[in-house]
Each structure stands twice: as C-alpha cells, then as structure tokens.
Amino acid sequence: MKLNIFFSRAIMALSALAFAALGHAQEYPNRSVKIIVPYAPGGQADGGVRVVANALTQQFGQSFVIENISGSSGIAAMQTAMRAPADGYTLVYSDDGQWAINPALYSKLPYDTLRDFAPISLFSTTALFLVVPASFPANNLQELVALVKAKPDVYTYASSGVGSPHHLTMEDLKARLGLNILHVPYRGTGQSVPALIAGQVSMGIAALASVSGFVKEGRLKLIAVNTAKRFAFAPNVPPMSDVAGADFDHAGSLGLLAPAGTPQAIIDKLSAAIAKAVTTPDTVTRFASLGLEPAVNSSPERMTERIRETKPIYARIAKRSGISLD
C-alpha cells in the first residue's frame, strides 16, 4: 500500500513538473533573448545571425540581441554560452568551425558540442570560392590544375587563417589533386582579399560576399565553389567536385544551439520559428546578399546529424595535412 502511494506521488510530481515546463514554454519568451556569436561584427556569419534574430524578434515580439565574443576559434563564446542558464534566454551561433574543425585541431577542448549543448536548428548553408585575379591565365579549375602542375612551387594561395574552413578546403583540394601551392594565412578575409587584389598571392579562398564587388568590377574571377553542387546565388560557378571527386563537399552549415538542459518544448518552439523565418521572401533576399542559402531542413535532429557528419571529415583532413592548433 505504501509503495503504491509512493509511486502515485512520484507520478503526480513528474506531471506537475511537465505541466510547469509546458507553461514556461508557452509563455516563452517574455523578455529579451541573447544570441552569442563567436565572430566579430560585420562578417558573413554575423550578418546571417542578425537576419535570423530580426525575424525572431518580429515573430515573438521580444528582442533577440546579438553579443559578439570573437577570437580563440570561437572557444570563448562556446564556453560563455555553455555556462549560461538553460532557460532559452541565452543561445549561441555555431557552425562547422566550432563543432567539427575545433575538435580536429585541438587535442583538448573545454566543450563538447553534443554533450554541452542542445541543437536547435540549422538556418542556412554557405560556400567558399576559389578566386584569382582577372589577369590569372586560367578560367576554370581544370586549367588552374594544369598550370600548377606545370610549375610546382610557384603558386600561392591566401586563406583567412590557419585552421579556417578556407585553409582546410584548399588543403583537401591540394591533396586530392596532387597540387603544390604554398599556403599564405592572413587574419581574416579583410586582409586576404586585398592581398589577392594587390597580386601578393596567386589565388585565394573566400566567401562570395567578400569578393562579389571585385568580381563585378572585373578585378577578380571566380574559378570554383567548394561544394558538391552549384549554389543558387552563383549558378555559373562550377563545383570543385567536378574535378576533385563527387564526395568533395565543404558546404558550410550555420545554426543555433542552446545550453544542454534547455527544455525541449522551448527548443521545438525556436526551431519551428526559425523554419518559418527562413522561408520568408525578406530572409531569402537578405541571405542571398550575404552568400547564404536557407536551410532545407531546420529540425534539431537534422542539426545533430550534421554535427556528427562533419566531425570525421575535418578530422581526416587535419590529420592528413598535419594541421594542429595545440
């Protein structure tokens, strides 16, 4: 009899907690929400998050405010978010850099993405482009490969830094095609693109938003995109997979995480709101100006799957190329 009373009380307590959590989710958000971004203001990632934050602000009638914590490969931002209360009022932007590249380049990280965070949603995908000066004597990747192989140790390429997606993309391409191109790392595309235009390097890897103006002016040429298929915002640029193999695909994914333990009802509410936001004409237009495509599937499950997919890819590239940030 006492055992039955105990179980009955336990069930009632759990039910009360469930109803309380549901009620909390239904009234969420009732104040401003902070989104931590592990990059400085003004870049592609920061711009994309601001588009989403603006759409969520309009949907919920509460402000979604950006807090930029740049540097240290995003580690400081991830730690700050990880330590925040798991109540849905602190979120963090994350991409392949934080959940796949960092684990490949650091032997010890103070966070584990799937242990310390709850995936909410992917909201967009992006790509990087192989770019050359207008005077470069190649107009496609096949011609570029032939030039490099004919003159090894002559050509250089600029990236936005050691361990960046730009760096790892190019190292994978070099390894697959047997190319000898010297890596020249810069501190972001704000330095690498001007160096490319000035002729200090032979070629570079950059996001479309960083080079599109110079392409329109005829100062730079787009050679290839680092994906398995063409991107909608640059349909005339062939993918690197045409030459490097069908499995060559380094399209980037952008998404939002919450601290682990955030109520699932809040996660689902945010995910549904993001799925709605990325289909609006305004978001699609603003994404395109940044070189972003809306995510096709923005569920928490898809984001979890994406994190698990990309980690071994970058681990293999880092190991093969000997890249480490320890």
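Reader: At what angle do helix H8 and helix H9 pack?

Author: In this predicted model, local features need pLDDT of at least 70 and side-chain atom pairs count only at pLDDT 80 or more, while totals for chains, interfaces and linings use all residues. Residues are numbered from 1 along each chain as its sequence is written, and side-chain values use heavy atoms, leaving out hydrogens and water. Helices (H or I, at least four residues) and strands (E, at least two) are DSSP runs, numbered from the N terminus. H8 covers residues 189-197 and H9 residues 208-216; their axes (lines fitted to C-alpha atoms over the stretch in contact, with angles from 0 to 180 degrees between N-to-C directions) lie 10 Å apart, at an angle of about 25°.

Reader: How are H8 and H9 oriented to each other?

Author: Angles under 35 degrees count as roughly parallel, over 145 as roughly antiparallel, 65 to 115 as roughly perpendicular and the rest as oblique. H8 and H9 are therefore roughly parallel.

Reader: Which residues of H9 make the contact with H8?

Author: Contact means heavy atoms within 4.5 Å. H8 brings Thr189, Val193 and Ile197, and they meet H9's Ser210, Val211 and Phe214.

Reader: Let's turn to the sheet. Which strands stand at its edges?

Author: Two strands pair if DSSP finds at least two bridges between them. The open sheet has 6 strands in the order S2-S1-S3-S10-S4-S11, with mixed pairing. Two of them have a single partner strand each, so one side is left without a neighbour: S2 (64-68) and S11 (292-294).

Reader: And over how many bridges do S1 and S2 pair?

Author: Lys34 stands opposite Val65 in S2. S1 (residues 33-37) pairs with S2 in the parallel sense, and the number of bridges is 5.
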